[in-house]
Amino acid sequence: MPFYHTLGKIPPKRHTIFKKPDGSLYYEQLFGTIGFDGMSTNLYHCQRPTQVKEIKGSYSVAPKVAIKNNIKSYRLHGFKVNQEKDYLQSRKNVLTNSDVNIILSAPQESTNQYFYKNTDADELLFIHRGTGKFRSHLGNLDFKYGDYIVIPRGTIYKLDFDTTDNRLFIVESRRPIYTPKRYRNWFGQLLEHSPYCERDLRTPYELETNDEKGDFLIKVKKQDEIFDMIYATHPFDVVGYDGFNFPYAFSIHDFEPITGRIHQPPPVHQTFETDAFVICSFVPRLYDYHPDSIPAPYNHSNIDSDEVLYYVDGDFMSRNDIDAGHISLHPAGIPHGPHPGAAERSIGKTKTDELAVMVDTFKPLMITEEAMKIADEDYHKSWLE
Ligand SMILES: [Fe+2]
């Protein structure tokens, strides 16, 4: 997160005496990234955050790859992914490479029995259906339809749903997720041409401080395994913090589209960046206003990146037979473009209500066994006349 945030109580100086009302010390923790070079936050705990009681065992959540070297375009029926009561059980990894996992998740229940921490990756949750509260040791965020929640690696969190019909599109990134550098000035402030600004980013607003001892299960993801770790203190026992490393939310509905006289390329939709992939938001917008413009995209080749589109809402103008919850995968090296009739259909249209999230990865994606359960094997032939 490229700006400073503080929540709760902190002492006036870092690394100095900070006392509880009973005279004992709070316990400081630096929550940092990239050694001591990346973004960091200073936390103050009621109890030592290091009190591991027991490590109960582990199990693998490594994606099971069905197709390693993929040349075919695929459509996945995302809403065919089964609902599961439990959040972690519900996470179905459909596309994967060494940088990123693309996951569909339909949890029916809140995470009540455990806390979750991903030490492998930053997570980006896109809320397609459902409302509730994201709760973490760095504070809470409310979420609803259209929200991205960016969760830095190491954040201990739970999801409390108000709803049972929940659909999440999750990007698990081994590379840090940032706001695009070209949107920021040399101080880190988002520039005037950025499609969103700091005012659109929602920071944790509520800090839960539970000064409790007992048995607290944290499911810790590390190197594609989940370790069941029992801690002797409540993980949400922070009394205050400040810094740059914390979860935040951004609604896709607050993304201001950039339009032009002729078709604008996907980089105008960019929302987040990593050094391994980009994330773009396609939002309702006015179409191009040149009198002879063709609003549908032209055919294009992703010579060196795989393109994943997750369709959220509205009528996606360049595709026939695409619905909410579908994923299209267009692999690197293979040209793709509008379906037959789509370019002609788009001429003269003045606006679109499409809503979609795109992930373009620089390394090829492998297709998992979970993806094959919901895959349309003939999608790659859908351009034939
Ligand atoms: Fe494309």
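This report covers the iron site, a sheet and the nonpolar cores of a predicted model.

## The iron site

Three residues hold the iron ion: His300, Glu307 and His336. Both histidines coordinate through NE2, and Glu307 does so through OE. The distances run from 1.9 to 2.2 Å. Along the chain, the donors follow the spacing H-x6-E-x28-H.

Are His300 and Glu307 buried or exposed? Glu307 has a relative accessible area of 4%. That is under 20%, so Glu307 counts as buried. His300 reaches 24%. That value falls between 20% and 50%, so His300 is partly exposed.

## The sheet

Nine strands form an open sheet, and their pairing is antiparallel. The order is β5-β30-β7-β8-β15-β10-β13-β20-β16. At the edges sit β5 (65-67) and β16 (201-202), each pairing on one side only.

Look at the β5 edge. Strand β5 runs antiparallel to β30 (residues 366-368), and 2 bridges join them. One residue to find is Val65, whose bridge partner in β30 is Thr368. In general, strands of a sheet pair through backbone hydrogen bonds.

## The nonpolar cores

In soluble globular proteins, nonpolar side chains tend to be buried together. Here, the largest nonpolar core has 49 residues. Within it, Phe169 and Phe272 touch the most other members. Domain 1 (28-62 + 84-251) and domain 2 (253-381) each supply at least three residues to this core.

What does Phe169 contact, beyond its neighbours within four places in sequence? Its partners include Ile102, Leu124, Phe126, Tyr310, Ile327 and Val359. Another core, of 19 residues, lies apart from the largest one. Among its members are Tyr114, Tyr157, Leu159 and Leu168.

Definitions and conventions. Residues are numbered from 1 along each chain as its sequence is written. This is a predicted model: local features need pLDDT of at least 70, side-chain atom pairs count only at pLDDT 80 or more; totals for chains, interfaces and linings use all residues. Side-chain values use heavy atoms; hydrogens and water are left out. Donors are N, O and S atoms within 2.8 Å of the metal (3.2 Å for Na, K and Ca); water is not among the atoms, so sites may look incomplete. Buried means under 20% relative accessible area, exposed over 50%, partly exposed in between (1.4 Å probe, protein chains only). Two strands pair if DSSP finds at least two bridges between them. Helices (H or I, at least four residues) and strands (E, at least two) are DSSP runs, numbered from the N terminus. A nonpolar core is a set of buried Ala, Val, Leu, Ile, Met, Phe, Trp, Tyr and Cys residues joined through side-chain atoms within 4.5 Å. Domain bounds come from an automatic or database domain assignment. Contact means heavy atoms within 4.5 Å.
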